[in-house]
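Please walk me through this structure in the viewer, one selection at a time, with the aromatic side chains and the nonpolar surface as the main stops.

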Amino acid sequence: MEPKKESIDVNVCQPSGESLSDGRLQSSEPQIYTKASQLEIGEDEDNSYAKIPNSFIMCEMDDTDLSSAPPEVRASVPTEDEDVPVNTFRAWFLGVVGTMVLTALNQFFQLHSPPLFLSAYLAILVTFPCGKLLEAVLPMRTWRVLGWDFTLNPGPFNQKEHCIVAIMASLVTAFDNGSLATDVYVAFEKFLHIPISLGYRLMFLLTSQALSFGIAGLFHKFLIEPAACVWPGVLPTCSLLYTIHLRNKRNEKANGWKISRMKLFAVIILCGSLYQFLPGFLFTGLTTFAWITWIVPQNVTVNQVFGAVSGMDLLPLTLDWNQITGYLGSPLLVPTWALTNVFCGSVLFLWIVSPALHWSNVWEGLYFPFSSSQSFDNTGKPYNTSRVMNPDYSLNQTAYHEYSPVFLSTTSVLSYGLGFAAVASIIVHTALYHRRELWNGLLASIGRSNAEKPDIHARLMKKYNQVPMWWYGGSFLAIFGISIAFLYVYDTGLPWYGLVLAIALNIVLLLPTGLMMAYCNIKLSTAVISALIAGYIWPGKMMNNVVFKIFTLVSSAQGLGYIQCMKLAHYMKIPPRVTFAAQCTGIIVSWLTQTAVNVWAMGNIENICTPDASNNFYCPLAAGYATNALFWGLIGPKRLFSPGSMYRPMLWFFLIGTVTPIILYLLDRRFPRAMLRKIHLPAIFASTASIPPATAANYMAWGIVGLFFNGHLKRRYQHWWMKYNYILSAGLDAALAVGNFLIFFCLAYPGVRVKWFGNEITTRTADGMGVPLRTVEPGQTFGPSTWT
């Protein structure tokens, strides 16, 4: 039997049911669930939305409603809601098992060198044949349990069940695979030799991951229901799920292309995963492809101009999708206006401002690589924090004054300034340009109507019971209480008001950063601002700095991940209460799995996190966080940006980020035809703040690819773009995940190596080695003779 659909024709709203004499429709009550999925969690009989007949929702739609969704959404999400089961045994079984396996693999191989990061696309792809297998083998018998009809097999495995898996898997990979806290406590235990108990591991991971879940749910009316909040990052997943499960629909030509989306996706997966062996294993030089530096590998000037590792990469070429999407995600998802902003900002800061500062030696930059994330001393060597550290991990003031101040590369200094400007500008920009959206969201949150008319997808979702706000509020209070207990039971050093400050910072930034993600899929990191705040409040206290930074950074990023998954469920027409349950389940499963795998690895892998570790389990990420913790905990921003410091002017970027949006807004009001509204300063500042380790090789290639697809192709071949763009993006990302998975397990992990020019030339050039333009003689130093 074909599933019933609540659908809207693109041109005509066709009612279902008999028409009464007064024009109203007579229709039976909608059958939202089959027997297996009638149990909607916490069903509220008083919810008026749940009583609206399907035909009523359909026929209230007019042509304006149907076209209210942006073209990006119309290209990926059908304007229909199929009456298929979602809250089923299959969905939860596959979701839990898929999340456990994905989490375990990510956690285990994050300890490896090189680390492996598996995408949620792998879980989506693998669970599809598993779901079809369960469809074939599970009995279709119906049981009655506590008044509820229950069956293990309600029929064909469908896109809504599959979406439960996608939601839970996406939470695992939302930010640093959701496990930044594990890297930090491994750094404490293995590199800083600070004893870490099992309780510390459990509570630190849970609180950092789940603290923002309740906060995120409170912004549902602001960031999920409005049609303008597109969230481009979820559209490839929607397109993939609909393509897999509804592939038998009519296949129309698009600018001469007849191939179906499913066939195109299959071709991309096959060809893309095989191609990844070329830049990922056989010829790694193609990743950056700085071929000019191969000709003159020891010419430092040429390498700094054309190098793609530590240079400015004036001729950006890459044949690796991983290099293009590594920092800003898929360019096929970003609207043209945002692509233009980021591309122009990258040209300005990477090819004009940075070279001018570097070759002028403004910050002694000629003694360091053009672009490097390392910190240096006054001899040009990496800064040795062990020389200025006491046994209790506090700063030795005498040793610090005898050794050296901290120096940074040109782009690294600039990235701090851009990070400061990004935080200030996004708050001001949101207040100036989005105050109406914020007001409408506030009215909707308190149950009052607003002037904004819901789009087709919001109207279709009204028939489902909404999640009460007290569910999210209760979740937040519970995790807040556990977080307070964690701070004091395990003597983290962070006082209660430090946690409150981290939460307040997340609340203030969640709406502005969420709106930017919802509009253009560009993220703003809170790493710089959190380190700055902690360094000024608790100077020289490493543990305070680290815990505060983790709570701020992880909570803000995970909060956006939770909201993005809610938008995915919104597009896929998953009942909100089922989504709530799926997210809670995903948090618990990933939390317990990560902790169990981490504890097992620490106790069973021989010499783990040492140079003698078996199978290359050197814990490179944890080692990096140990260095970062020492730097920011010991030296910190209070010394880096102290009065008289050469980097003190970077604090002016706060003022720049505050004032420039206001000036731009006033000019736009005065000259509306100049299209100044298209300039999005927060997107420019936030995206380019990833330098380093990002270089022009990442930004320029990303911008060129994005402008070709979302500019040229969308304008000239709109039908092709509407049909294939998002499934192409999903296919490329999935092919990258599959290819890297095969390379790692089939070749890298067993120790297979291919030694030849194409795999070694990048590390042999002055660009790859980070050679500076100037050096000092042994025993000599540069820079100031005294410092504070």
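**Selections, in order**

Start with Tyr383, which is buried at 9% relative accessible area; the cut-off for buried is under 20%. Keep in mind that the model is predicted.

Add Tyr403, also buried, with a relative accessible area of 9%. Tyr383 sits in the loop between β7 (375-376) and α17 (397-403), while Tyr403 belongs to helix α17, so the pair ties together parts that are 20 residues apart in sequence. A pair of aromatic rings is described by the distance of the centres and the angle of the planes. For Tyr383 and Tyr403, the centres are 4.8 Å apart and the planes stand at 50°, so this pair is tilted. The structure holds 53 aromatic pairs.

Next, select Phe741 and Phe745 in helix α30 (residues 718-748). The two residues are 4 apart, about one turn of the helix. Their ring centres lie 4.6 Å apart with the planes at 50°, so this pair is tilted. Phe741 has 28% relative accessibility and counts as partly exposed; Phe745, at 25%, counts as partly exposed too.

Widen the selection to the aromatic cluster that contains Phe741 and Phe745. Its other members are Phe108, Phe109, Trp600, Phe617, Phe744 and Tyr749.

Two charged side chains over rings come next. Select Lys714 and Trp721: the charged end of Lys714 sits over the Trp721 ring, 4.6 Å from its centre. Then select Arg639 and Tyr400, where Arg639 lies over the ring face at 6.0 Å from the ring centre.

For the last stop, turn on the surface and select Phe89, Phe93, Val97, Met100, Val101, Val145, Leu146, Trp148 and Phe150. Together these residues form a nonpolar surface patch with about 810 Å² of accessible area. Which elements give two or more residues to the nonpolar patch? They are α4 (89-109) and β6 (148-151). The largest contribution is from α4, which gives 5 residues.

Within the patch, pick out Val145, located in strand β5 (residues 142-145). Is Val145 buried or partly exposed? Its relative accessibility is 43%, so Val145 counts as partly exposed; the partly exposed class runs between the 20% limit for buried and the 50% limit for exposed.

Definitions and conventions. Residues numbered from 1 in each chain as written. Predicted model: local features only at pLDDT ≥ 70, side-chain atom pairs only at ≥ 80, totals over all residues. Heavy atoms only, no water. Patch = residues over 30% accessible without salt bridge, like charges linked within 9 Å, V, L, I, M, F, W, Y side chains within 5 Å. Areas by Shrake-Rupley, 256 points an atom, 1.4 Å probe, with all protein chains shown as cover. Salt bridge = Lys/Arg side-chain N within 4 Å of Asp/Glu carboxyl O. Buried < 20%, exposed > 50% of the residue type's maximum accessible area, 1.4 Å probe, protein only. Phe/Tyr/Trp six-rings, centres within 6.5 Å; stacked < 30°, edge-to-face > 60°. Lys NZ or Arg CZ within 6 Å of the ring centre and 35° of its normal.
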